[in-house]
There are 2 protein chains.
Amino acid sequence: MYAAGMTELEKGPLGRRRGRGARERILGASQQLFREQGINSTGMDQLCAVAQVSKRTAYQHFAGKDELVAEYLRRFDPEVMPTVFDRADLTPRERLLAAFEMPASTPLCPYIGAAVELHDPEHPASRYAREYKTSIAARLTGAAREAGATDPEQLGEQLALLIDGASARTRVLNRESWSTAKAIAVVLIDSALPASSAR
Amino acid sequence: MYAAGMTELEKGPLGRRRGRGARERILGASQQLFREQGINSTGMDQLCAVAQVSKRTAYQHFAGKDELVAEYLRRFDPEVMPTVFDRADLTPRERLLAAFEMPASTPLCPYIGAAVELHDPEHPASRYAREYKTSIAARLTGAAREAGATDPEQLGEQLALLIDGASARTRVLNRESWSTAKAIAVVLIDSALPASSAR
DNA sequence: ATCGCCCGGTACCGATCGGTGTACTTAGCT
DNA sequence: AGCTAAGTACACCGATCGGTACCGGGCGAT
């Protein structure tokens, strides 16, 4: 496994002091550049320049670009999705629909982009993309269960597919498709809920 | 416009004789390699080697890789989609559902792949991908209208989104998602048809 | 036979890629 | 202070990219 935990503080156990946060700047530049211009189109030289970090330093923090890409995906964790499932002020049904409220700030879910660009299912980043997408479906399934769906697993998988569809279609057409996805979600949810716990 | 017409015969009008079909071999190798290993991961050297064509010849038929990629997309036209809409033996409803019968031979619709890999909305291939995706939605809308949908445009766009979702999700998860997409399509169609021309 | 057109082979170009080596400067703790 | 780890600057490596120049051969039409 990778050292996913050391986000911004030192390692802790040993009294390891911490130099000026180069690692954080690298990850920050990754978030910006990989999303804006893709993974393969972003060279390490440019990335290090943006991060204001020596190339040497970058390769002391990450074994290679592959590992950096994987860590970039692990750090992404869109600010939207996680919070959606914790909002207690929403009904289960509203929580399911909230996943489709994309503020157009998300051009393309980077997990799809990484899987397509890297083109290797065994690449660390591809593995994590799979893992993450599965976890999203699981969370949707959980919310569907709370909402009282007759087949929560099916509804969760269906909603996950809608999210990916809107993401891919938005990218290809250069035009947002989240409203369409949400309209479908409404139909699916209404037809999957026994009309009892509709609200 | 490009000379999309000269598939295997000579130009005709002038008595231009025809060399051994180098162009066709190049396009054939493109179909194979671009789909199997992606666009950016396929070098022109490898492509020419597979096509058994000199590199010099390749660049006499195509101004550059970009143009070759665009032509590759134009030639793709999956054998599945076009035929689906012409099958007179199916009811309109069955025709709408037939679009989701993917024989697992389609790993990822190459239009999505191209748009993600090339990462430039103005790239000729990206333009054509947009164009093609729009035409698929239009054809679905047409079929939806024949089926008597209350809002054919909406249903067509929704079904198109399902196709893209299944395609993207299949790629990321390395596991087919067409059955899920079809299940959603059934719900959408049944809810969009006034139950009169259900069959 | 001879001419001209495709075509294949191959070496090559400049640019860029991911990644490294070396020597120097900084920052933080004791 | 003084030690040490972290970071910087910069040159450099081999590989590969898309694309081109040049040369020699095969084949169809005249």
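Here are some notes on how the protein meets one DNA strand and how a few of its helices pack.

1. First, the ground rules. This is a predicted model, where local features need pLDDT of at least 70, side-chain atom pairs count only at pLDDT 80 or more, and totals for chains, interfaces and linings use all residues. Residues are numbered from 1 along each chain as its sequence is written, chains are lettered from A and ligands numbered from 1 in the order in which they are written, and side-chain values use heavy atoms, leaving out hydrogens and water.

2. Start with DNA strand D. There are 20 residues around this strand, and A:R20, A:T57, A:H61, B:K55 and B:K65 come nearest. (A residue is near a strand if one of its heavy atoms lies within 4 Å of it.) By class, the surface near strand D has four nonpolar, eight polar and eight charged residues. Here Ala, Val, Leu, Ile, Met, Phe, Trp, Tyr, Cys and Pro count as nonpolar, Asp, Glu, Lys and Arg as charged, and the others, Gly among them, as polar.

3. Which helices supply that surface? At least two residues each come from α1 (22–37) and α3 (55–61) of chain A and from α3 (55–61) of chain B. Helices are DSSP runs of H or I with at least four residues, numbered from the N terminus.

4. Now look at which part of the DNA is involved. Of the strand D atoms within 4 Å of the protein, 59% belong to sugar or phosphate, and the rest to bases. Phosphate oxygens of strand D lie 3.1 Å from a backbone N or O atom of A:S54, 3.3 Å from a side-chain N or O atom of A:T57 and 2.9 Å from a backbone N or O atom of B:M44.

5. On to packing within chain B. The axes of α4 (residues 65–76) and α8 (residues 124–146) of chain B come within 8 Å and cross at roughly 20 degrees. (Axes are lines fitted to C-alpha atoms over the stretch in contact, and angles run from 0 to 180 degrees between N-to-C directions.) So α4(B) is roughly parallel to α8(B), a label for angles under 35 degrees. In α4(B), B:V69, B:A70, B:L73 and B:R74 meet B:P124, B:A125, B:Y128 and B:A129 of α8(B), where contact means heavy atoms within 4.5 Å. This contact of α4(B) with α8(B) has seven nonpolar, no polar and one charged residues.

6. α8(B) also packs against α9(B), at about 130 degrees with axes 7 Å apart. These two helices are therefore oblique to each other. Their contact divides into eight nonpolar, two polar and five charged residues.

7. Finally, a pairing across chains. Helix α10 (residues 178–192) of chain A packs with helix α9 (residues 152–173) of chain B at about 95 degrees, axes 10 Å apart. That makes α10(A) roughly perpendicular to α9(B), the label for 65 to 115 degrees. A:T180, A:A181, A:A183 and A:I184 meet B:E157, B:Q158, B:L161 and B:L162 here.

Key
A polar contact is a pair of N or O atoms within 3.5 Å; within protein, one must be able to donate a hydrogen and the other to accept it, and residues adjacent in sequence count only if both atoms are side-chain atoms. Angles under 35 degrees count as roughly parallel, over 145 as roughly antiparallel, 65 to 115 as roughly perpendicular and the rest as oblique.
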